Amino acid sequence: MKPLEEARSEVLSSVGLLGVEHVPIWQAHGRVLAADVVAPESVPPFANSAMDGFAVRGADVSAAGAVLEVIGDLPAGSSSHTEVGTGEAIKIMTGAPMPPGADTVVRVEDTAMEGSKVIISSAVERGTSVRPAGGDVPEGHLVFTVGTRLTPMHVGVLATIGIGMPAVFKRPRVAFMSTGDELTPPDAEGLEPGAIRDSNRPMLLALLEDAGVEPVDLGIIPDDPDVLRDALARAAEADVVVSTGGVSMGDYDVTKMVLKGDAHVDFWQVAIQPAKPFAFGHIGDALFFGLPGNPVSVLVSFEQFARPSLLKMQGARHVLRPQLVASAGETFATDPEKTVFVRVLVEGLEAGPPIVVKSGGQASNVLSAAAAADGFALVPRGTATIERGDPLMVEMFKWPESREWIDGR
Ligand code: AMP
Ligand code: MG
């Protein structure tokens, strides 16, 4: 059996980049920057008011009780060339540019109008409520570096500095399929005897979407070597092929039958649980991931091998999920020959330190416990038992939200 780290680095070492394109900012979410971003403009572009109030000279309001003549009105989106002189104020709204002469804004709450005059009720320090030009991002500043996967907030910052067509790495097209004579589409009416629903394919589609790639659904492929051969040939037109099922030791493991002799595909036994069997290589020019059949194995195998590869292919700097240290809330007895991925709930994050407990059944077909889980607790190879209170690494695939639909245990 191949240790996890060795298997993953072997996989990652055969992954390259696809090239660069420019995309409209409206489609940039989840894409990976292909170049450093240097701000071509300052944000804010001009000094402006942080409050609705009065733009004044700081020297005029250093003591409470100042009475100033209001000489104008400045809504956001307009600008004024009228200078604010000593003893004067301009009414200003949040976001409006500071008029010449003024260096301070007094919030409207600290004022009272009396005819054309404003009375300032408290002392205000010079510079208060003024947002300086470039105070968020100065022009010429290195904002983001190549390899950054764009979150909604990154997209917003690109917009503020006027980058409407960021350079990003191309996304791979990923053809995916389920194999198995027993599989019935999730939306078919009723099940024939011996049939089960194809849960892998909808889950894979969602996993692929999360990984930011362009999915191509090739459907359910029966356990028929000729049909599978055809499907793989079509799939190889994509950049990546992902299949599920048929890679282990069964009599009808058709993926193995078709690809076993292929010089470009290897059948591995990875020292992990679940998801020990795994096929990896190339079909034509496409990278090939032959995932196992059981849904939880699909999840683990995808998370450990396919997702990091797909992120690397898109140029992402970070390809692995974040891990945190938690404490075992119960005993975990696992196979010491393998790195075991225990589906866990992470409790107590509010008060810390986090404590993990199993989210349900741990067999590789029990997908409901994976849906209930927040992450995988990793019990390393060489460890047979984790006692309550022992430290554990947890790979988070989501942060605890509502669990109202099910009690995971
Ligand atoms: P296999 O490796 O093809 O023998 O599949 C292992 C187990 O996973 C079997 O119990 C299959 O029925 C099940 N399985 C395979 N593909 C799927 C799928 N697409 N959805 C749900 N279960 C599956
Ligand atoms: Mg099968």
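Tutor: Contact here means heavy atoms within 4.5 Å. The model is predicted.

Student: What makes Met 177 and Phe 288 count as contacts of Ser 243?

Tutor: Contact requires heavy atoms within 4.5 Å, and Ser 243 is in contact with both Met 177 and Phe 288. The list for Ser 243 also holds Thr 255, Phe 289, Gly 290 and Leu 291, with neighbours within four places in sequence left aside. Ser 243 itself lies in strand β17, residues 240-244.

Student: Why is Ser 243 called buried?

Tutor: Buried means under 20% relative accessible area. Ser 243 has 1%, so Ser 243 is buried.

Student: Which helix holds Ser 309, and why is Ser 309 called buried?

Tutor: Ser 309 is in helix α6, which covers residues 295-313. The limit for buried is under 20%; Ser 309 has 0% relative accessibility and therefore counts as buried. Away from its neighbours within four places in sequence, Ser 309 is in contact with Val 11, Leu 12, Val 15 and Phe 289. Phe 289 is also among the contacts of Ser 243.

Student: What makes the approach of the Ser 309 side chain to the backbone oxygen of Phe 305 a polar contact?

Tutor: A polar contact is a pair of N or O atoms within 3.5 Å, and within protein one must be able to donate a hydrogen and the other to accept it. The Ser 309 side chain reaches the backbone oxygen of Phe 305 at 2.6 Å. That value is within 3.5 Å, so the pair is a polar contact.

Student: Where is Ser 301, and how do you know whether Ser 301 is buried or exposed?

Tutor: Ser 301 is in helix α6. Its relative accessible area is 0%, and because buried means under 20%, Ser 301 is buried. Leaving aside neighbours within four places in sequence, Ser 301 is in contact with Ala 275, Phe 278, Leu 291, Pro 292 and Ala 306.

Student: What is notable about phi of Ala 275?

Tutor: Most residues other than glycine have a negative phi. Ala 275 is not a glycine, yet its phi is positive, about 80 degrees. Ala 275 lies in the loop between β19 and β20. At 5% relative accessibility, Ala 275 counts as buried because the limit is under 20%.

Student: Which peptide bond is cis at Pro 274?

Tutor: The bond from Gln 273 to Pro 274 is cis, with omega near -5 degrees. Pro 274 is found in the loop between β19 (272-273) and β20 (277-283). A cis peptide bond also joins Val 43 and Pro 44, with omega about -10 degrees. Pro 44 is in the loop between β2 (37-38) and β3 (48-49). Most peptide bonds are trans.

Student: What is phi of Ser 129, and why is Ser 129 called buried?

Tutor: Phi of Ser 129 is near 60 degrees, a positive value in a residue other than glycine. Ser 129 is in the loop between β9 (117-120) and β10 (130-131). Its relative accessible area is 17%, which is under 20%, so Ser 129 is buried.

Student: Why does Phe 169 count as buried?

Tutor: The cut-off is under 20%, and Phe 169 has 10% relative accessibility, so Phe 169 counts as buried. Phe 169 is in strand β12, residues 167-169. Beyond residues up to four places away in sequence, Phe 169 touches a set of residues including Leu 17, Val 20, Arg 31, Leu 33, Val 146 and Gln 314.

Student: What makes the approaches of Glu 182, Asp 198 and Ser 178 to ligand 1 polar contacts?

Tutor: The pair must be N or O atoms within 3.5 Å. An N or O atom in the Glu 182 side chain is 2.5 Å from an oxygen atom of ligand 1. For the Asp 198 side chain, an N or O atom is 2.7 Å from a nitrogen atom of ligand 1. A polar side-chain atom of Ser 178 lies 3.4 Å from a nitrogen atom of ligand 1. Each distance is within 3.5 Å, so each pair is a polar contact.

Student: How much of ligand 1 does the protein bury?

Tutor: Taken alone, ligand 1 exposes 480 Å², and the protein buries 77% of that. The space taken by ligand 1 is the largest pocket. The elements giving two or more residues to the shell around ligand 1 are β13 (173-179) and β15 (196-197).

How values were computed
Residues numbered from 1 in each chain as written. Chains lettered and ligands numbered in written order. Predicted model: local features only at pLDDT ≥ 70, side-chain atom pairs only at ≥ 80, totals over all residues. Heavy atoms only, no water. Helix = DSSP H or I, 4+ residues; strand = E, 2+ residues; numbered from the N terminus. Buried < 20%, exposed > 50% of the residue type's maximum accessible area, 1.4 Å probe, protein only. Areas by Shrake-Rupley, 256 points an atom, 1.4 Å probe, with all protein chains shown as cover. 1 Å grid on protein atoms, 1.4 Å probe; cavity = no way out; pocket = protein on both sides within 12 Å on 5 of 7 lines; lining within 4 Å. Sits in = over half its atoms within 2 Å of the grid points.
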